[in-house]
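This report describes how a protein is placed against a DNA strand and how two of its helices pack. Please consult the sequence and the model shown here.

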Protein chains: 2
Amino acid sequence: MVDDRFAIWFWQDMPEPLDDVFAALADPTRRAILAMLLEDDMAVTDVAEPFEMSLAAISKHLVILTRAGLISQEKRGRVKWCKLEPDSLRAASVWMQGFGQFEPVNLDAFERFLETELGEDAQPDS
Amino acid sequence: MVDDRFAIWFWQDMPEPLDDVFAALADPTRRAILAMLLEDDMAVTDVAEPFEMSLAAISKHLVILTRAGLISQEKRGRVKWCKLEPDSLRAASVWMQGFGQFEPVNLDAFERFLETELGEDAQPDS
DNA sequence: GGCATATTCAACCAAATGGTTGACGATCGT
DNA sequence: ACGATCGTCAACCATTTGGTTGAATATGCC
């Protein structure tokens with residue numbers, strides 16, 4: 001059994017991209033944006049169109065989604081295209097599945113698993 | 001194809017428990033708490049012990065986790081026991097899998113982990 | 001060049017978040 | 001009944017968040 005201090009260190013003090021991913025997902029506007037991008041890549045202006053808020057606000061949301069790695073933005077000409085990046089959802093999904101599936105299981109092995117799993121394709125953070 | 005306004009209504013304006021779940025998961029302290037509860041049910045004081053913050057702060061975190069449905073709290077005597085409630089995590093997980101083409105987590109490694117973990121051989125690599 | 005379009009920047013604001021401390025009501029042990 | 005323990009409440013504080021507006025920076029079009 002892993003002692004709590006190790007667990008705290010591991011789960012809390014590691015440079016956690018999960019903070020950004022979950023924080024990004026916590027906002028309904030941003031989830032709606034992701035849902036829209038599921039259909040197709042979109043320009044910033046088009047992303048903003050159906051919302052009742054300023055373009056600048058949407059632009060900020062897109063920055064947050066980008067920092068979380070959930071989307072990428074590529075500027076072509078004067079329009080910036082937004083593209084869903086499902087890979088970073090993977091880390092979060094892995095983390096969550098850990099809780100869904102193994103209630104009573106060995107945390108040590110789970111930690112080792114996560115370590116290798118999340119370390120594998122560590123994103124070249126912006 | 002669903003038009004965007006419907007999508008916005010659906011994803012953004014529904015009474016979304018996902019807001020609370022993801023917001024709860026966005027904090028590393030709260031994720032650490034969940035990880036601890038993965039091992040066993042715990043009293044509030046024991047949850048707080050390994051952290052370098054006040055009991056009141058942990059108590060607040062537990063309220064947030066409870067509101068999100070991620071844990072439940074039952075008071076027995078003077079101690080309040082905290083229990084992981086993986087079901088609401090599953091809801092969030094389902095949402096992410098709704099992003100779907102990206103597979104319910106295409107985790108070969110996860111499968112292998114499950115096998116070794118749930119099987120007899122609990123030492124996958126030395 | 002000159003104008004429209006696309007996007008971000010900067011300053012500002014209100015509200016929410018995450019923490020503190022100290023007081024407080026319950027409950028246990030003796 | 002008394003004191004210690006468990007946990008929350010209330011007030012406070014600093015920082016972050018999510019939004020606004022108006023100006024600024026590209027870029028495309030004629």
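Which atom of DNA strand C is 2.5 Å from an N or O atom in the side chain of Lys60(B)? It is a base oxygen of the strand. The model is predicted, with local features requiring pLDDT of at least 70 and side-chain atom pairs pLDDT 80 or more, while totals for chains, interfaces and linings use all residues. Residues are numbered from 1 along each chain, chains are lettered from A in the order written, and side-chain values use heavy atoms, without hydrogens and water.

The table lists polar contacts, that is, pairs of N or O atoms within 3.5 Å.

| Residue | Atom of DNA strand C | Distance |
|---|---|---|
| Lys60(B) | base oxygen | 2.5 Å |
| Ser54(B) | phosphate oxygen | 2.7 Å |
| Arg78(A) | base oxygen | 3.0 Å |

DNA strand C is surrounded by 21 residues, each with a heavy atom within 4 Å of the strand. Of these, H5(B) supplies the largest share, 5 residues. Of the strand atoms within 4 Å of the protein, 63% belong to sugar or phosphate, and the rest belong to bases.

Within chain A, helix H3 (residues 28-39) packs against helix H5 (residues 55-67) at an angle of about 75 degrees, with axes 10 Å apart; helices are DSSP runs (H or I) of at least four residues, and axes are lines fitted to C-alpha atoms. The two helices are therefore roughly perpendicular, a term for angles of 65 to 115 degrees. Contact, meaning heavy atoms within 4.5 Å, involves residues including Ile33(A) of H3(A) and Leu62(A) of H5(A).

Definitions and conventions:
Axes fitted to C-alpha atoms, helices over the stretch in contact; angles between N-to-C directions. Parallel < 35°, antiparallel > 145°, perpendicular 65-115°, else oblique. Polar contact = N/O pair within 3.5 Å; in protein donor to acceptor, adjacent residues only side chain to side chain.
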